[in-house]
Amino acid sequence: MKKIKRILIYSVLIFASLLLVALIGLKIFFPFEKAKVLAIERGEELLGRKISVETVDLSFWGGLGVRLRTVEVGNCEGWDETSPLLHADDIDLKLQILPLLSNEYKIDHLIINKPEILLYRQRDGRDNFTFDRLDSLAPNDATTRLSSEEKVIGAVVSFDRLTIHNGILRYRDDNTRTVVTASDFNLSTSLMRKNSDVYSSKGKLSIKRVDLLQDDSLQSGSVAFDYNAEYSLSDHSLRIDDTKLTLNDIPIMAKGQVELSGGATVARVSFSSENLSIEKILSSVPQKDLSTISDISLSGNVTVYLDLDYDSQREISLKYASTATLDEVMIGYRDNPDHLTVSKGIVDVKNDNLRVTVEQATYNSEPFRLNCVVNDFKRPEINGDLEGVVDLALLRPLLPDSIVTMLSGEAKVSCRVNGLVERISELQVSGDIEIKDGICLPVGFLQQIDRINLSAHFDNETVLVKKLSANLDSSIISFEGRVNNIIPYFLHVDSMMAIDSINVDGKIEAIVNLQSIEPFLAQEKDAKISGVISLVSSVRGNPLEPESLFILGRLKVKDAMYSDISLSEAITELNAEISAYNDTLIIDHLRVQFESSDIELYGSVSDFWSGLFSNKKRSRRSMMSFTMKSNRFDVDSLFPEAAPASDGQYSAVSHDTIPPLLLPDINAKGTFVFDTLIYSKIPMTDVTGKIKLKNRLLVCSDVEGFVYSGSLSGNTLINLSDMNRPVYSGSFVANQVDVSAIATRFSHFGEIINGKINLSGNYEGTGWDPDEFKKSLHMTSDASMQKGKIATTGELFTNIKTLAEKVGQTLDQEQSFRSLSTSIRVEDGKVSFDQFDTRLGDLGDLSISGYYSFDGELSYQGGLKLSESATAKLLSSGGLLSGLSGILTDKSVNRIKLPLLITGTVSKPKLDIDYSSIKDKVKQDLTEQTGALLKGLFKKDKK
């Protein structure tokens with residue numbers, strides 16, 4: 001035994017010594033430089049590219065071979081020479097041992113380590129990876145029988161074995177704007193020649209990361225390929241067996257055969273993938289492609305089988321059949337705990353036919369069934385039925401974003417659809433639907449509509465609504481009835497025939513808490529609303545053409561309140577009862593209480609719907625007939641911008657604050673009765689009249705009432721065609737009106753004149769702003785008074801009293817006169833009258849004319865004709881004044897007339913002698929003395 005061990009040990013040592021000697025011999029005697037030169041020359045000859053090898057060495061691991069270190073294959077002529085087509089750390093060429101004994105070099109295994117390959121196709125179609133002499137790499141006995149495509153395949157598998165470790169491949173195509181980068185790829189292939197005609201090849205390819213950049217969109221994944229194939233040179237056929245393709249960890253099995261002969265291509269290939277995880281499939285899809293189903297959750301498994309039958313000479317070259325089997329697939333929406341579970345489902349697809357069958361499924365523990373068949377994909381015809389409970393949330397991604405932002409609830413549906421898809425308006429649709437406690441948030445709504453309940457039967461002609469109800473906060477609305485042709489309208493909304501044929505016939509009931517609509521009001525105006533509206537109405541007609549609707553019902557408003565910052569006064573209470581009969585509204589009762597005013601209204605509105613919704617071509621307006629009553633109506637408080645002559649800074653209030661409902665685009669006529677009407681701070685009582693509104697012209701006629709202890713009548717026209725610049729015009733007659741009250745309201749002379757005055761005249765004005773209105777105001781009127789009184793005050797009274805004392809008279813502050821008649825004119829911001837006469841006690845008679853302006857300026861001229869006794873007293877004083885008696889004295893009555901001039905302002909008037917009117921009658925050197933003397937008449941003498 002010991003002898004046998006010793007022999008074995010010696011044998012091993014001898015073999016090891018011989019192997020070591022052989023290795024040393026190979027190292028010493030192997031023609032490395034010759035191998036390097038041969039490799040470069042042979043490679044450049046075959047590829048037509050420049051090749052560089054840094055060093056050559058022997059390799060022993062995995063068999064005897066020649067290792068070419070730092071190998072580069074250059075690009076073809078005209079390409080960037082600094083970026084080679086291929087760069088590898090080393091290429092190991094494993095040699096067959098027996099041919100070496102005959103001094104022949106045959107390679108049976110090619111190993112490439114860490115190659116970097118750069119492939120580039122330019123926009124003009126040129127590329128750097130086309131080799132003119134690749135056909136020389138194919139097996140010699142088959143070269144003449146191979147097509148160009150087969151020669152490329154032959155070049156790849158020319159070696160018995162090919163191995164690539166840790167490679168990087170970059171491909172760029174400027175035509176398709178595509179860049180592909182394959183990182184860390186490994187390849188192992190083997191080629192075995194079964195006989196002179198058949199080659200068998202096996203191999204494995206794995207790429208840990210593939211990046212596809214196309215049109216600025218990046219997709220990444222991994223690829224693995226494990227194949228087993230045979231190729232027959234005589235039959236030009238490729239057979240694939242037990243081939244496995246893995247994409248992003250998704251395995252796909254393939255088998256089949258491809259025949260290339262006689263210019264025809266015939267292929268029969270089958271693919272299968274069993275128990276695929278849906279989550280894994282979705283994880284490999286780019287997120288941007290999943291955006292449309294981002295709110296939907298999917299889980300479960302699917303098994304897919306696909307058979308392809310291709311014959312290039314057949315009329316229908318490609319035939320396919322695919323079956324997908326669903327296994328415990330769950331479909332949910334967002335965080336909704338309810339979901340659709342498909343225990344078993346089948347989807348079959350083949351040429352011009354799709355069939356979906358879901359028999360074992362539940363939604364929220366309720367059975368769900370779906371059968372659908374689609375034939376002829378070029379002109380699809382659908383035939384299907386669905387029965388089960390559907391989560392409305394699953395329909396949300398299918399609805400336009402302009403309709404709803406949120407939808408949830410359950411819908412129990414039984415539906416059947418049949419017909420050509422291209423004739424969608426002719427699809428035969430029928431079924432039943434029930435919705436229980438649905439919720440939706442329409443676009444523009446700040447609060448959701450909840451407790452939506454619906455029970456309806458539908459077909460192409462009619463939707464029979466057995467019950468429809470919904471809640472918005474504490475408001476409730478319900479509908480029962482039928483809607484005709486609504487489904488054809490939604491299936492073909494562009495069809496005018498469908499629009500015209502829509503018809504609704506039903507009953508609407510609603511109780512609306514107005515506070516629930518407060519969020520829809522203008523938030524910037526801080527709008528507040530409350531109250532309750534109740535509605536019971538029958539509706540018949542086309543809802544898309546409201547003017548054609550026949551409506552019979554009743555609307556009640558109870559204890560409504562409304563306020564916003566644009567209103568000068570809030571509506572503190574509103575109650576109304578309105579009836580609708582076809583196109584007419586009957587206002588049975590409408591009462592509105594403001595903070596300072598109230599209105600009661602009765603009447604009717606004809607052509608209401610047609611006027612509200614008619615198109616511009618017809619320009620049809622509604623007509624309102626009414627009777628309006630009010631205990632107190634304060635226009636100044638309610639609409640300050642509508643009283644432009646009022647005092648105050650109303651111009652700061654925009655006329656846009658007038659509510660449109662108070663100035664609707666309708667025609668109207670009616671009568672009004674106001675116990676008290678306040679306009680421009682003028683309180684009027686027992687005011688009656690008529691109102692007519694047509695084409696934005698507002699006419700108030702036959703207006704009668706009482707004001708300032710007298711009577712008033714008149715007419716007013718307001719042209720509102722331009723809401724930015726209303727135009728006023730009118731006429732008025734006032735009898736026995738307290739002149740002091742009028743003077744106090746419109747001037748600063750209220751304490752000066754007293755009595756009853758009669759006024760009549762006309763006026764015109766423009767604008768909302770008080771300043772603009774006063775500047776534009778033009779008025780002419782006649783005034784007359786009987787038994788009035790005039791009072792002088794301040795400096796004016798002092799000056800006249802001083803004159804009276806100088807002529808030996810006394811003067812009371814208040815003087816009576818028998819009559820007054822004058823014309824009053826308002827123009828260019830001035831109020832003027834042509835003549836004003838009164839008697840100042842025993843002093844004499846005063847007569848003046850002139851104007852005062854709205855800014856307070858005074859400009860009056862006239863004269864004071866002294867009584868005979870006052871004239872005599874003044875002349876008896878002698879001096880210069882006595883010498884001027886001929887000029888100043890009215891010889892017909894023998895009385896001196898003193899020319900007067902009243903200037904200054906209303907608050908500070910000045911009384912002067914208008915000596916300029918007599919200076920032409922006296923010598924120039926006496927003018928100054930005369931003026932001083934006359935002015936001295938109004939100054940007290942110094943003691």
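Biologist: Which residue in β23 is the bridge partner of L464?

Modeller: In this predicted model, L464 has R482 as its bridge partner in β23.

Biologist: What makes β22 and strand β23 (residues 475–484) a pair?

Modeller: Pairing requires at least two bridges between the strands. β22 and β23 share 9 bridges in the antiparallel sense, and they therefore count as a pair. The two strands also form a hairpin with 2 residues between them. In that turn, D473 has a positive phi of about 60 degrees.

Biologist: How do you know that strand β21 (residues 449–459) and strand β22 (residues 462–472) pair as well?

Modeller: The same requirement of at least two bridges applies. β21 and β22 run antiparallel and are joined by 7 bridges, so the requirement is met. As an example of their register, D450 stands opposite N471 in β22. A hairpin of 2 residues leads from β21 to β22.

Biologist: Why are β26 and strand β27 (residues 571–581) called a pair?

Modeller: They run antiparallel with 8 bridges joining them, and they qualify because at least two are needed. In β27, A576 is the bridge partner of V557. β26, which covers residues 550–563, also pairs with strand β25 (residues 528–541) over 12 bridges, again in the antiparallel sense. Here S537 has G553 as its bridge partner in β26.

Biologist: How many aromatic pairs does the rule give?

Modeller: The count comes to 4 aromatic pairs. One of them is formed by F550 and Y581, with 5.9 Å between the centres and 75 degrees between the planes.

Biologist: Why is the pair of F550 and Y581 called edge-to-face?

Modeller: Ring centres must lie within 6.5 Å, and planes over 60 degrees apart count as edge-to-face. With values of 5.9 Å and 75 degrees, F550 and Y581 therefore satisfy both conditions. The pair links distant parts of the chain, since F550 in β26 and Y581 in β27 are 31 residues apart.

Biologist: What makes F550 partly exposed and Y581 exposed?

Modeller: Buried is under 20% relative accessible area, exposed is over 50%, and partly exposed lies in between. F550 has 23% and is therefore partly exposed, whereas Y581 has 53% and is therefore exposed.

Biologist: Why is the pair of F672 and F674 called stacked?

Modeller: Planes under 30 degrees apart count as stacked. The planes of F672 and F674 are 25 degrees apart, with the centres at 5.3 Å, and the pair is therefore stacked. F672 is buried, because its relative accessible area of 5% falls under 20%. F674 is buried too, because its value is 6%. Ring pairs link F672 and F674 with F633 into a cluster.

Biologist: How do you know that K830 lies over the face of Y851?

Modeller: The charge must be within 6 Å of the ring centre and within 35 degrees of the ring normal. K830 is at 4.5 Å from the ring centre of Y851, which satisfies the distance condition, and K830 is reported as lying over the face.

Biologist: Which residues of the largest nonpolar core touch the most other members?

Modeller: They are I433, M624, F633 and I757, in a core of 102 residues. A second, separate core has 24 residues, among them V66, L68, L187 and V210. Beyond four places in sequence, the contacts of I757 include A734, V737, I742 and M785.

Biologist: What does L441 touch beyond four places in sequence?

Modeller: L441, in strand β20 (residues 428–442), touches V404, T405, M406, L446, Q447 and Q448. L441 and L407 are 34 residues apart along the chain, and their C-alpha atoms are separated by 6.6 Å.

Biologist: Where does pLDDT stay under 50?

Modeller: One such stretch is residues 137–158, for which the model has 29 contacts beyond four places in sequence. Another is residues 923–927, with 3 contacts beyond near neighbours. Where pLDDT is low, predicted coordinates should not be read in detail. The mean pLDDT of the protein chain is 77, and 74% of its residues reach 70 or more.

Biologist: How many helices and strands does the protein chain have?

Modeller: The chain has 16 helices and 45 strands. Of its 943 residues, 38% are buried.

Conventions. Residues are numbered from 1 along each chain as its sequence is written. This is a predicted model: local features need pLDDT of at least 70, side-chain atom pairs count only at pLDDT 80 or more; totals for chains, interfaces and linings use all residues. Side-chain values use heavy atoms; hydrogens and water are left out. A nonpolar core is a set of buried Ala, Val, Leu, Ile, Met, Phe, Trp, Tyr and Cys residues joined through side-chain atoms within 4.5 Å. Buried means under 20% relative accessible area, exposed over 50%, partly exposed in between (1.4 Å probe, protein chains only). Contact means heavy atoms within 4.5 Å. pLDDT is the predictor's confidence in each residue, from 0 to 100. Helices (H or I, at least four residues) and strands (E, at least two) are DSSP runs, numbered from the N terminus. Rings of Phe, Tyr and Trp (its six-membered ring) pair if their centres lie within 6.5 Å; planes under 30 degrees apart count as stacked, over 60 as edge-to-face and the rest as tilted.
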